[in-house]
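Colleague: I should like a close look at one part of this model, namely the pockets and the place where the ligand sits. Please describe it in a form that a first-year student can follow.

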Amino acid sequence: MKLKRYERNPVIKPEDFKKWDIGAVFNCGTTIMENGNVGMLYRAVPSGYRKNKSGNGYLDYVSSIGFAESCNGYDFEIREEPVITPQYEWDRYGSEDPRITRFEDGGTISYLITYTAMSSPAFSGEGDRVAVAQTEDFVSFNKHGVIIPGVNDKDAVFFPEKINGKIALLHRIPPDIQIAYFDDMEGMLKRDEGYWKRYLENYAEYNILERKYDWEAEKIGAGPPPLKTDEGWLLVYHAVGSDHVYRAGAALLDLDDPSRVIARSPVPVLEPETEYERYGDVDNVVFPEGAVVKDGELFVYYGAADKVCALATVGLRDMLNYLKGFR
Ligand code: BMA
């Protein structure tokens, strides 16, 4: 089963910005806000970056995170100023790939933002860390900092509620997806060196989803926060094949024990086909980071070719029925 692209894609592109001079806007996380609108955080790279001599990546490529909002999920109003920008040693080379979890605990809602904080230049292969920020209103943002010390790690995303009384976080130390549990928010934010030392010694033991198919051969990483359904947690993820193409997959995880994979699509649910997915700053990339459900329809927001933000949809029930065929 394939997701169906919105016919007026991309939903946001660099040319939509009038004041903020950016060259790329992609990899967008979304959530339903308290006013019922779709809130989006996207990765934006100011114009002026240029290709590396090696041809692998870009120089002067420092990402910020910006905000946009939509009342129908299709048309976005862009706030043309960044909401998360370089400030400290640990994020001086940018903030990338934001995901938003609407986290509910005992009736209290907060929006937890997970993103990659860069303490070394993009494409250097070093200094990629999982950072967390928090907002209640998408106006003021509180940076909590790096939560996982000492290791290149990305694609982190919280489950939207506690599982068996614990906060659960998916993250990706290459090449597979791990899960970490915390007793409470304070414990998670305090970056307990002892906890992480023990964890990192055997991180593969915490793998929750491992590469399985050819199109996942290089690495996989979580997309949007897992979505709670009556069939299990629906996890949309990205996968990189040995052909370096980024595709999207989908799996169902057990509600009480997400390390139990109930079902998984053997083929991608979305892969680069259109112009805007095949050609950009990095070719052949679809990179899902946002998912919301509106009237039974699953809206998946994704970055395309590291250049624009796009949308693809599918009936949620259709997707669940399809996945159940691969138990
Ligand atoms: C990943 C991340 C994403 C990017 C993708 C493809 O490692 O850095 O932001 O979209 O590569 O270039």
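Modeller: The account below takes the confidence of the model first, then the ligand, and then the two pockets.

The structure is a predicted model. The mean pLDDT of the chain is 97, and 100% of its residues reach 70 or more. Among the elements of the chain, the highest mean pLDDT, 99, belongs to strand 22 (residues 297-304), while the lowest, 94, belongs to helix 1 (residues 185-189).

We may now turn to the ligand. Its surroundings are formed by N27, R43, D97, K154, Y246, V282, V285, F287 and D306. Three of these residues can be described by the distance from an N or O atom of the side chain to an oxygen atom of the ligand. For D306 this distance is 2.6 Å. For N27 it is 2.9 Å, and for K154 it is 3.1 Å. Taken alone, the ligand exposes 310 Å², and the protein buries 86% of that area.

The largest pocket comes next. It holds about 900 Å³ of space. Its lining consists of 35 residues, and those nearest its centre are F123, K154, K219, Y246 and D306. Strand 8 (95-105), strand 12 (154-158) and strand 18 (232-240) are the elements that give two or more residues to this lining. Sorted by class, the lining of the largest pocket contains 14 charged, 11 nonpolar and 10 polar residues. Some names recur here: K154, Y246 and D306 lie nearest the centre of the largest pocket, and K154, Y246 and D306 are also among the residues that surround the ligand.

The second largest pocket has about 380 Å³ of space. Of the 16 residues in its lining, T31, R102, P160, P226 and L227 are the closest to its centre. At least two lining residues are supplied by each of strand 2 (22-32), strand 8, strand 17 (227-229) and strand 21 (286-294). Strand 8 provides the largest share, with four residues. The lining of the second largest pocket divides into nine nonpolar, four charged and three polar residues.

One element connects the two descriptions. Strand 8 gives two or more residues to the lining of the largest pocket, and strand 8 also makes the largest contribution to the lining of the second largest pocket.

How values were computed: Residues numbered from 1 in each chain as written. Predicted model: local features only at pLDDT ≥ 70, side-chain atom pairs only at ≥ 80, totals over all residues. Heavy atoms only, no water. pLDDT = per-residue confidence, 0-100. 1 Å grid on protein atoms, 1.4 Å probe; cavity = no way out; pocket = protein on both sides within 12 Å on 5 of 7 lines; lining within 4 Å. Points joined across faces, edges and corners; volume = space filled by probe spheres on them. Nonpolar A, V, L, I, M, F, W, Y, C, P; charged D, E, K, R; others polar. Near = heavy atom within 4 Å. Polar contact = N/O pair within 3.5 Å; in protein donor to acceptor, adjacent residues only side chain to side chain. Areas by Shrake-Rupley, 256 points an atom, 1.4 Å probe, with all protein chains shown as cover.
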